Amino acid sequence: MVELSLPQNSKVVKGKHYKAENNNNIKLMHVYRWDPDKNDNPRIDTYELEINSCGPKVLDALIKIKNEIDTTLTFRRSCREGVCGSCAMNINGINTLACLKPINEIKKDIWVYPLPHMKIIKDLVPDLSEAYKQFESIKPWLQLDEEKHQKNNNVEQIQSKEERAKLDESWECVMCFCCTTSCPSYWWNGDQYLGPATLLQASRWINDSRDKKREDRLMSLEDSFKLYRCHSIMNCTSSCPKGLNPAKAIAGIKKAIVQKK
Ligand code: SF4
Ligand code: SF4
Ligand code: FES
């Protein structure tokens, strides 16, 4: 069983410096490293990257490091297209998807840390199990009136164009948790507050005309911690790499609860 806690009184220390073979067009990349199997402090390793032979995004740089310089560097990635959400990390102080972040937008050195305020499994890999449990709690699936549905011989659930349009700005969410981990309310109350990613997903099902559990969904969210810990600070919206607006979705849930009364 992996122990997901840092050594007592740990602090981030200076790590190794990996020199490039050539001195052509070098960019320095500083990366957070922590290995739970060693009882060491976390450290920042520095890599000299030859930009001419590297792809355009920060994820390309991490892959280059792993392939050519240091195979022990650990991070998540899958699609490399901004659609799986797995390469979320903190780059130069902003939570974002590494596969979408162009290296040439970063004028000085590149600094890469894991998503903030989460337990770390290793290096840039956060432990998302609690966040996924919260996501599961909102029942992120279509709930039909089963009896009626079967009586109608399981016919297709039709939506008008207008009804379908109500799901825009929520279906695009890739569950990267960049928003949730940039939310101060989630940092302090993440054990009870659901956070912007999960609440945006909740709104996606609340607004689905085919779903028959809208009332139940709203009632289960009417809670001073689960929903009302959002104080409209808006960090979530400014950090979303998909350009979504979780703060607006949360305000929409609060409004729907008021209108139901
Ligand atoms: S608007 Fe709400 S969810 Fe978004 S950062 Fe602020 S408190 Fe968190
Ligand atoms: S709302 Fe944006 S930042 Fe939040 S999980 Fe979805 S895609 Fe990521
Ligand atoms: S690798 Fe899939 S979103 Fe970045």
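In the predicted model, the buried residues of helix H6 pack against H2, helix H5 (184-189), helix H7 (214-221), H8 and H9. Helix H6 is mostly covered, with 12 of its 12 residues buried. These comprise Gly195, Pro196, Ala197, Thr198, Leu199, Leu200, Gln201, Ala202, Ser203, Arg204, Trp205 and Ile206. The geometry of H6 was compared with that expected of a helix: at 1.5 Å a residue, its 12 residues should span 16 Å, and the end C-alpha atoms of H6 are 16 Å apart, which agrees.

Helix H6 also contributes to the largest nonpolar core, which has 54 residues. Within this core, the residues with the most contacts are Cys87, Ala88, Met89, Ala98, Val112 and Phe177. At least two core residues each are supplied by S2, S3, H1, S4, S6, helix H2 (129-137), H6 and H9. Of these contributors, H6 gives the most, with six residues. In soluble globular proteins, nonpolar side chains tend to be buried together.

Helix H1 (residues 58-69) was examined in the same terms. For its 12 residues, a rise of 1.5 Å a residue predicts a span of 16 Å; the end C-alpha atoms of H1 are 15 Å apart, which agrees. The buried residues of H1 are Val58, Leu59, Ala61, Leu62 and Ile65. Because they cover an arc of only 160 degrees around the axis, these residues lie on the same side of H1. Their packing partners are strand S2 (26-33), strand S3 (43-50), strand S4 (88-91) and strand S6 (110-113).

Two ligand environments were then characterised. Around ligand 1 there are 13 residues, of which Cys183, Cys230, Ile233, Cys236 and Ala247 come nearest. Helix H8 (235-239) and helix H9 (246-260) each supply at least two residues of this shell, and H9 gives the most, with three residues. By class, the shell around ligand 1 consists of nine nonpolar and four polar residues, with no charged residues.

Ligand 2 is surrounded by 14 residues, the closest being Cys173, Cys176, Cys179, Ala197 and Cys240. Here helix H6 (residues 195-206) gives the most to the shell, with three residues. The shell around ligand 2 has 13 nonpolar residues and one charged residue, and no polar residues. Helix H6 thus recurs across the analysis: H6 gives the most to the largest nonpolar core and the most to the shell around ligand 2.

Note on methods:
Residues are numbered from 1 along each chain as its sequence is written. Chains are lettered from A and ligands numbered from 1 in the order in which they are written. This is a predicted model: local features need pLDDT of at least 70, side-chain atom pairs count only at pLDDT 80 or more; totals for chains, interfaces and linings use all residues. A residue is near a molecule or strand if its C-beta atom, placed from the backbone, lies within 6 Å of it. Helices (H or I, at least four residues) and strands (E, at least two) are DSSP runs, numbered from the N terminus. Ala, Val, Leu, Ile, Met, Phe, Trp, Tyr, Cys and Pro count as nonpolar, Asp, Glu, Lys and Arg as charged, and the others, Gly among them, as polar. The expected span of a helix is 1.5 Å times one less than its number of residues. A residue is buried if 20 or more other C-beta atoms lie within 10 Å of its own, exposed if 12 or fewer, and partly exposed in between; C-beta atoms are placed from the backbone. The arc is that of the directions from the helix axis to the C-beta atoms. Two residues are in contact if their C-beta atoms, placed from the backbone, lie within 7 Å. A nonpolar core is a set of buried Ala, Val, Leu, Ile, Met, Phe, Trp, Tyr and Cys residues joined through C-beta atoms within 7 Å.
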